[in-house]
2 protein chains.
Amino acid sequence: MGEGSAPAKTCGLRERKKARTRAAIREHALRLFREQGYHATTVEQIAEAAEVSPSTFFRYFPTKEDVVLQDDFDVIAMDSLRDQPAHLSPIAAYRAVAAEMFASMTPDDMASFRETMELTFTVPEVRARAMDEFARTTDQIAEALAARTGRDPGDSAIRNVAGALIGVTMAATMPWTGDPPEDLAERLDAALAHLEAGLPL
Amino acid sequence: MGEGSAPAKTCGLRERKKARTRAAIREHALRLFREQGYHATTVEQIAEAAEVSPSTFFRYFPTKEDVVLQDDFDVIAMDSLRDQPAHLSPIAAYRAVAAEMFASMTPDDMASFRETMELTFTVPEVRARAMDEFARTTDQIAEALAARTGRDPGDSAIRNVAGALIGVTMAATMPWTGDPPEDLAERLDAALAHLEAGLPL
DNA sequence: TTTATTTTGACACTGACTATCAAAAGCTTG
DNA sequence: CAAGCTTTTGATAGTCAGTGTCAAAATAAA
């Protein structure tokens with residue numbers, strides 16, 4: 001979801017200003033990436049567009065790639081995964097979460113999401129950096145599944161399922177070159193159904 | 001496998017010299033990484049140790065990360081995957097290949113492999129860069145499976161299986177923190193068996 | 001040996017990222 | 001509101017990865 005959907009408990013002016021600065025940097029960065037391409041856009045340009053100093057940019061985002069990759073999807077998805085009805089199998093629960101996520105997205109969210117995905121799979125640096133996210137997500141899924149099933153998060157069976165889920169998700173998400181990206185929800189759902197059925201050929 | 005195991009059709013002197021230079025760079029790089037750590041080692045140092053200029057380094061390896069990631073495992077593994085007995089299911093075939101690979105490794109290969117893995121999962125930049133390799137590998141697996149089953153490499157079911165295989169492999173390979181890494185072969189085999197059985201919990 | 005091609009090193013450059021430090025802005029008391 | 005404290009910011013000056021260019025050296029071919 002875009003920055004707009006964060007509750008952002010409006011405490012002091014400082015917090016609000018920080019949130020605004022962060023959002024401004026991200027928006028201008030994504031706009032510039034869209035207009036000129038990722039490589040052609042320097043951090044200096046982003047900083048200038050967002051009216052901050054380059055130093056400040058790096059204070060908000062550790063790397064240029066992080067401007068693209070940082071969103072708060074995972075957190076919401078993981079909570080949702082933990083809260084799925086207990087009778088669902090791990091894969092079914094994950095599938096339900098995915099469907100839920102797509103259903104709850106506003107057109108704006110969808111557009112922002114598409115842009116992020118586009119960059120993630122187009123720009124090598126970003127795509128590479130996404131690996132860390134996937135590793136982290138695997139851990140989180142394993143943890144959520146462990147909580148659901150009352151097993152240890154380190155359990156190899158659990159980690160295995162988490163790995164398979166991520167792998168299938170990646171495979172279903174990546175090769176959307178050219179296709180109408182609206183199908184993403186459908187395609188992911190079909191892929192997960194396939195996994196649930198034991199990957200028959 | 002280490003650089004030593006490549007057949008390296010010894011054509012002209014040029015080819016041989018190139019191969020030697022490449023090997024020298026990689027060896028010195030890995031040694032320096034081991035001794036001083038990845039970050040503390042600059043390309044300039046590697047170049048100096050290998051007795052070439054920094055320019056030459058980049059002529060052989062597009063990035064510093066590639067020094068770690070480039071090996072010729074995949075090629076061999078993919079050929080092997082295509083050549084597995086036709087009666088094996090895709091997962092069983094992949095499993096057989098994995099077992100074969102581990103069995104065929106010399107202690108030297110194993111040591112080199114361990115070092116590569118170590119760096120891959122330790123150094124964020126390298127780990128991130130590994131994403132590209134996995135994406136490429138997914139494609140290759142999909143292609144090999146397509147060849148085996150006579151289906152289209154773009155077939156979503158095929159890509160799905162490839163994704164699940166990669167995901168499970170990653171999950172089984174990654175969290176080897178602390179464990180005796182000799183178990184890697186066993187652990188991967190168990191994970192694949194688990195996938196083959198439909199990921200029961 | 002002479003000629004063509006490839007490989008190499010020196011140099012200069014861009015751009016991401018870090019460290020430091022002083023100035024400014026926001027918060028908190030009296 | 002004024003004085004003092006903390007956080008945020010910007011300027012500056014670096015390091016290092018990676019690119020482009022070009023002439024010199026090494027190798028292959030004639």
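Ala, Val, Leu, Ile, Met, Phe, Trp, Tyr, Cys and Pro count as nonpolar, Asp, Glu, Lys and Arg as charged, and the others, Gly among them, as polar. With that convention in place, good morning, and let us turn to the structure. Please keep in mind that this is a predicted model.

I shall begin with DNA strand D. By class, five nonpolar, eight polar and seven charged residues make up the surface near DNA strand D. In total, 20 residues surround this strand, and the closest are Ser53(A), Thr56(A), Gly12(B), Leu13(B) and Thr63(B). Which elements give two or more residues to this surface? They are helix 1 and helix 3 of chain A, together with helix 1, helix 2 (43-49) and helix 3 of chain B.

Next comes DNA strand C. There are 19 residues around DNA strand C, of which Gly12(A), Leu13(A), Thr63(A), Ser53(B) and Thr56(B) come nearest. At least two residues of this surface are supplied by each of helix 1 (13-36), helix 2 (43-49) and helix 3 (54-60) of chain A, and by each of helix 1 (13-36) and helix 3 (54-60) of chain B. Sorted by class, the surface near DNA strand C holds five nonpolar, eight polar and six charged residues.

Let us now consider chain A by itself. Chain A contains 10 helices and zero strands. Its radius of gyration is 18 Å, close to the 17 Å that the globule rule gives for 201 residues, so chain A is as compact as a globular protein of that length. Along its principal axes, the C-alpha trace of chain A spans about 50 × 40 × 30 Å.

Before we look at pairs of helices, one general remark. Two packed helices are described by the angle between their axes and the distance between the axes.

Within chain A, helix 8 (residues 124-149) and helix 9 (residues 156-173) pack at an angle of about 130°, with their axes 9 Å apart. Angles over 145 degrees count as roughly antiparallel and those from 65 to 115 as roughly perpendicular; helix 8 and helix 9 of chain A are therefore oblique to each other. Their crossing is right-handed. Among the residues of helix 8 of chain A that take part are Phe134(A), Ile141(A) and Leu145(A), and their counterparts in helix 9 of chain A include Ile158(A), Val161(A) and Leu165(A). By class, this contact has 10 nonpolar, three polar and one charged residues.

We come now to the meeting of the two chains. Here, 34 residues of chain B are in contact with 34 residues of chain A. On the side of chain B that touches chain A, two or more residues come from each of helix 8 (124-149), helix 9 (156-173) and helix 10 (184-196) of chain B. Which of these helices gives the most? Helix 9 of chain B does, with 14 residues. The side of chain B that touches chain A has 22 nonpolar, eight polar and four charged residues.

Two helix pairs across this interface deserve a closer look. In one pair, the axes of helix 9 of chain A and helix 9 of chain B come within 7 Å and cross at roughly 140°. That angle makes helix 9 of chain A oblique to helix 9 of chain B. Helix 9 of chain A passes helix 9 of chain B in a right-handed crossing. The residues that make the contact include Gly163(A), Ile166(A) and Gly167(A) from chain A, and Gly163(B), Ile166(B) and Gly167(B) from chain B. This contact divides into 14 nonpolar, six polar and two charged residues.

In the other pair, the axes of helix 9 of chain A and helix 10 of chain B come within 10 Å and cross at roughly 65°. That makes helix 9 of chain A roughly perpendicular to helix 10 of chain B. This crossing, too, is right-handed. Ser156(A), Ala157(A), Asn160(A) and Ala164(A) in helix 9 of chain A meet Ala190(B), Ala191(B), His194(B) and Leu195(B) in helix 10 of chain B. By class, there are five nonpolar, three polar and no charged residues in the contact of helix 9 of chain A with helix 10 of chain B.

Thank you for your attention.

Key: Residues are numbered from 1 along each chain as its sequence is written. Chains are lettered from A and ligands numbered from 1 in the order in which they are written. This is a predicted model: local features need pLDDT of at least 70, side-chain atom pairs count only at pLDDT 80 or more; totals for chains, interfaces and linings use all residues. Two residues are in contact if their C-beta atoms, placed from the backbone, lie within 7 Å. Helices (H or I, at least four residues) and strands (E, at least two) are DSSP runs, numbered from the N terminus. A residue is near a molecule or strand if its C-beta atom, placed from the backbone, lies within 6 Å of it. Axes are lines fitted to C-alpha atoms, for helices over the stretch in contact, and angles run from 0 to 180 degrees between N-to-C directions. Angles under 35 degrees count as roughly parallel, over 145 as roughly antiparallel, 65 to 115 as roughly perpendicular and the rest as oblique. A crossing is left-handed if the near helix is turned anticlockwise from the far one by less than a right angle, and right-handed if clockwise. The radius of gyration is taken over C-alpha atoms; the globule rule is 2.2 Å times the number of residues to the power 0.38.
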